[in-house]
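Here are some exercises to work through with the model open beside you. Try each task before reading its solution.

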Amino acid sequence: MVGTAGGGAEEAVRRWVEAGGGRLVLDGGLATELEANGADLNDPLWSAKCLLASPHLIRKVHMDYLEAGANIIITASYQATIQGFESKGFSKEQSENLLTKSVKIAQEAREMFLKEHLDQSIPAQKPILVAASIGSYGAYLADGSEYSGDYGEAGTVEFLKDFHRRRLQVLAEAGPDLIAFETIPNKLEAQAYVELLEECNIHIPAWFSFNSKDGVNIVSGDSLIECATIADKCAKVGAVGINCTPPSFIHGLILSIRKITDKPILIYPNSGERYDGEKKEWVESTGVSDGDFVSYVSEWCKDGAALIGGCCRTTPNTIRAIQRTLNQGSNTLQLPVA
């Protein structure tokens, strides 16, 4: 694990990106692949349900993404919270152990992958990293509010800090390489995360990833510029970006983020489909094929994205195609210099 003691979160992320040849590839949709492997995720815990019932499937999906060319695998903790596990009858200690387990499963998958590819040079040369996922309070609610940012009376910084504090501490103690604050839907939660990173004295590089439904603001209507500025001012945040957003919006969003930060930019869009919070399903008619998704990759690189992957409804085939595109363009695509 690389902490921030050697020069800060941004510097740590940049070292990893440089070691990866100027770009790093993130994995794709975890829940998408768990379901493809037979998991039933119709539960408020969503993909975290597999921490209880089928951890072997999580490990398999991590391995599938590594085989597809991912440099970063994201843990099955997006919707895993102490409060969520306790509502299922687990004790606080058992709940914390399940959070730790999400990181350990990803680390085990990395060890298995490296062992299997011991004779090959690519895994030895390029970083293989584990990012501990922290989903928003809205993800815990499992009512689609991570796609609206409307938390009602719970929408205060202090409430959100209290909700996330122990979860962040437990995940950090498990020893991931990165902390991934994902699908951040409003400015309040971004501020809560920044304050928690400082108050909990977290020394693991973090990334902040927001989501947008209009290509201009984040889903709550808060200004992306203001949200990215919060992340930019925090020394413990090593990268800033966008996830779970249609690919067609990414170009403009990257350009907006670049106006206010020199930190590495990460983007991992969804397939372009829209999540219906009431029906709890994805509306497929707006999706794009792997080929259409990957057709954007070169543009995103030229815009300044340093870490690229997929989110909901993307698959190992998507990640394989991204990696292939980056390899083909490696002689012409350069990492932006701060």
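Among contacts (heavy atoms within 4.5 Å) in the protein chain between residues at least 6 apart in sequence, 78% join residues at least 24 apart. A word on the ground rules: this is a predicted model, in which local features need pLDDT of at least 70 and side-chain atom pairs count only at pLDDT 80 or more, while totals for chains, interfaces and linings use all residues. Residues are numbered from 1 along each chain as its sequence is written, and side-chain values use heavy atoms, with hydrogens and water left out.

**Exercise 1. Take stock of the chain and lay out its sheet.**

Step one is the inventory: the protein chain has 15 helices and ten strands. These are DSSP runs numbered from the N terminus, with H or I over at least four residues for helices and E over at least two for strands.

Step two is burial: buried residues make up 59% of the 338 residues. Buried means under 20% relative accessible area, exposed over 50%, and partly exposed in between (1.4 Å probe, protein chains only).

Step three is the strand order. Eight strands form an open sheet with parallel pairing, in the order β1-β10-β7-β6-β5-β4-β3-β2. Two strands pair if DSSP finds at least two bridges between them. The edges are β1 (24-25) and β2 (72-74), each of which pairs on one side only.

**Exercise 2. Describe the surroundings of strand β5 (residues 206-210).**

Begin with its partners. β4 runs parallel to β5 and is joined to it by four bridges; here Ala180 has Trp207 in β5 as its bridge partner. With β6 (residues 237-243), β5 pairs in the parallel sense over five bridges. Phe208 is bridged to Val240 in β6, and Ser209 stands opposite Gly241 in β6.

Next, look at the two faces. Ala206, Phe208 and Phe210 on one side and Trp207 and Ser209 on the other are all buried. Five of the five residues of β5 are buried, so this strand is largely enclosed by the rest of the structure.

**Exercise 3. Follow the connections into and out of β5, and compare the two helices involved.**

First, trace the path: β4, α10 and β5 make a right-handed β-α-β unit, and β5, α11 and β6 make a right-handed one too. A crossover is right-handed if, with the strands pointing away from the viewer, the path from the first strand over the helix to the second runs clockwise.

Second, take the geometry. The axes of α10 (residues 187-199) and α11 (residues 224-232) come within 9 Å and cross at roughly 0°. Axes are lines fitted to C-alpha atoms, for helices over the stretch in contact, and angles run from 0 to 180 degrees between N-to-C directions. The two helices α10 and α11 are therefore roughly parallel to each other; angles under 35 degrees count as roughly parallel, over 145 as roughly antiparallel, 65 to 115 as roughly perpendicular and the rest as oblique.

Third, list the contact: Lys187, Ala190, Gln191 and Val194 of α10 meet Glu226, Cys227 and Ile230 of α11.

**Exercise 4. Which residue in the loop between β6 and α12 (250-258) has a positive phi without being glycine?**

Start with the backbone: phi of Cys244 is near 50°, a positive value in a residue other than glycine. Then place it: Cys244 sits in the loop between β6 and α12. Finally, check its exposure: Cys244 is buried, with a relative accessible area of 5%.
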